[in-house]
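Let's walk through this one together, starting from the inside and working outwards. Have the viewer open and follow along.

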Amino acid sequence: MRKWIVGALALSLSWSASAQELPQPSPTSTVDQRIGLTDFSITYSRPATRGRAIFGDLVPYNEVWRTGANACVKFNASTDFTLNGDAVPAGEYALFTIPGEKEWTIILSTQTNLWGSTGYTQESDVLRTTVPATTGDFDESFTMSFKALSTTSGDLVIEWATTEVSISLGVDSDGESGKNVAKALSDAKRAYRNAANYYSGQGDHEKALATIEIALQLDPEYWYTNWVKAKILYAAGDTKAALKQGKKAMDMGAPDSYRAGYEKEMKGWK
């Protein structure tokens with residue numbers, strides 16, 4: 001019985017130790033910010049000064065720093081962007097820094113699963129750039145935030161104690177907007193074409209023809225939409241117009257893998 005009690009007590013203490021949750025000295029924070037049409041997200045830990053000398057002491061100069069505490073900083077961007085004018089592909093990166101008295105080196109790395117900077121290698125860098133280090137208001141807790149926002153740019157600002165560095169971010173809002181418009185038009189063209197096919201299959205030829213014309217207005221040069229119109233014309237009983245429309249579709253660049261089959265189909269319309 002005594003052994004059972006001791007074992008149960010040990011198990012209870014083990015469970016309590018693992019289950020309890022206590023305040024962390026360097027709590028984790030996630031900051032999300034949209035700039036133009038690009039979503040940025042940064043996850044980092046926030047140590048406090050607690051009366052300590054920070055840069056040049058707790059955080060040595062001229063050494064790779066995790067930039068905060070605990071795990072390395074994770075930096076995410078949903079689209080391609082620029083950092084201090086250098087192009088960076090969309091994706092997730094680790095953000096490391098090398099603090100100096102007058103300037104910092106900013107590093108984006110593919111080593112996103114490191115604890116701190118342990119195991120960091122320069123070979124995994126995607127980008128290195130330098131920014132000035134300035135003096136600002138005192139910040140008790142290490143802070144990363146987005147400031148000076150516009151539709152095409154913003155600053156990622158790092159602040160701790162009285163040190164502040166600002167990293168310029170840029171995005172191609174016009175380019176992303178153009179992609180979105182093109183996708184919307186493509187989706188609309190496809191939706192109208194599918195609807196026209198449906199109406200034709202239901203025998204509503206008038207509505208089918210009206211709907212395929214809308215699809216053609218959105219993209220008149222696409223061979224397949226023109227082919228769908230040919231099939232709708234044939235189903236509506238206008239064989240002559242269907243053959244003319246079908247030939248137009250083939251001449252617009254129908255792939256060889258489709259052309260033979262469609263041309264055979266048109267011979268059956270005569």
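Two residues count as being in contact here when they have heavy atoms within 4.5 Å of each other. Keep in mind, too, that this is a predicted model.

With that cut-off in hand, go to F75. Leaving out anything up to four places away in sequence, F75 touches F40, S41, I42, F81, G91, E92, Y93, L95, L108, L156 and L169. F75 also turns up, together with F81, as one of the residues with the most contacts inside the largest nonpolar core, a set of 34 residues. Which elements build that core? Two or more residues each come from β1 (28-35), β2 (38-45), β3 (73-77), β4 (81-83), β6 (91-98), β7 (103-109), β8 (125-147) and β9 (153-170). The biggest contributor is β9, with 7 residues. There's also a second core, separate from this one, made up of 11 residues, and A242, M250, A254 and M266 are among them.

Now zoom out to the whole chain. You'll find 6 helices and 9 strands in it. How does its radius of gyration compare with that of a compact globule? For 270 residues such a globule would come out near 18 Å, but this chain has 31 Å. The C-alpha trace spans about 90 × 70 × 30 Å along its principal axes. As for burial, 37% of the 270 residues make the cut. And if you take the contacts between residues at least 6 apart in sequence, 53% of them join residues at least 24 apart.

Next, two threonines to click on. T112 sits in the loop between β7 and β8. Is T112 buried or exposed? Buried means under 20% relative accessible area, so T112, at 12%, counts as buried. Beyond its neighbours within four places in sequence, T112 is in contact with C72, K74, E92, Y93 and A94. Take Y93 from that list: T112 and Y93 are 19 residues apart in sequence, and their C-alpha atoms are 5.8 Å apart in space.

T162 belongs to strand β9. Its relative accessibility is 36%, and therefore T162 counts as partly exposed. Setting aside residues up to four places away, T162 touches T134, T135, G136, D137 and F138. From T162 to S29 you cover 133 residues in sequence and 20 Å in space, C-alpha to C-alpha.

A couple of backbone oddities deserve a stop as well. T67 isn't a glycine, yet it has a positive phi of about 70 degrees. You'll find T67 in the loop between β2 and β3, and it is buried, with a relative accessible area of 1%. N84, also not a glycine, has a positive phi of about 55 degrees. N84 is in the loop between β4 and β5 (86-88). With a relative accessible area of 26%, N84 is partly exposed.

Finally, look for the largest pocket, which has a volume of about 210 Å³. Which residues come closest to its centre? Of the 15 that line the pocket, those are L58, V59, W65, R66 and G68. By character, the lining splits into 8 nonpolar, 3 polar and 4 charged residues.

Technical notes. Residues numbered from 1 in each chain as written. Predicted model: local features only at pLDDT ≥ 70, side-chain atom pairs only at ≥ 80, totals over all residues. Heavy atoms only, no water. Core = buried A, V, L, I, M, F, W, Y, C linked by side-chain atoms within 4.5 Å. Buried < 20%, exposed > 50% of the residue type's maximum accessible area, 1.4 Å probe, protein only. Helix = DSSP H or I, 4+ residues; strand = E, 2+ residues; numbered from the N terminus. 1 Å grid on protein atoms, 1.4 Å probe; cavity = no way out; pocket = protein on both sides within 12 Å on 5 of 7 lines; lining within 4 Å. Points joined across faces, edges and corners; volume = space filled by probe spheres on them. Nonpolar A, V, L, I, M, F, W, Y, C, P; charged D, E, K, R; others polar. Rg over C-alpha atoms; globule rule 2.2 N^0.38 Å.
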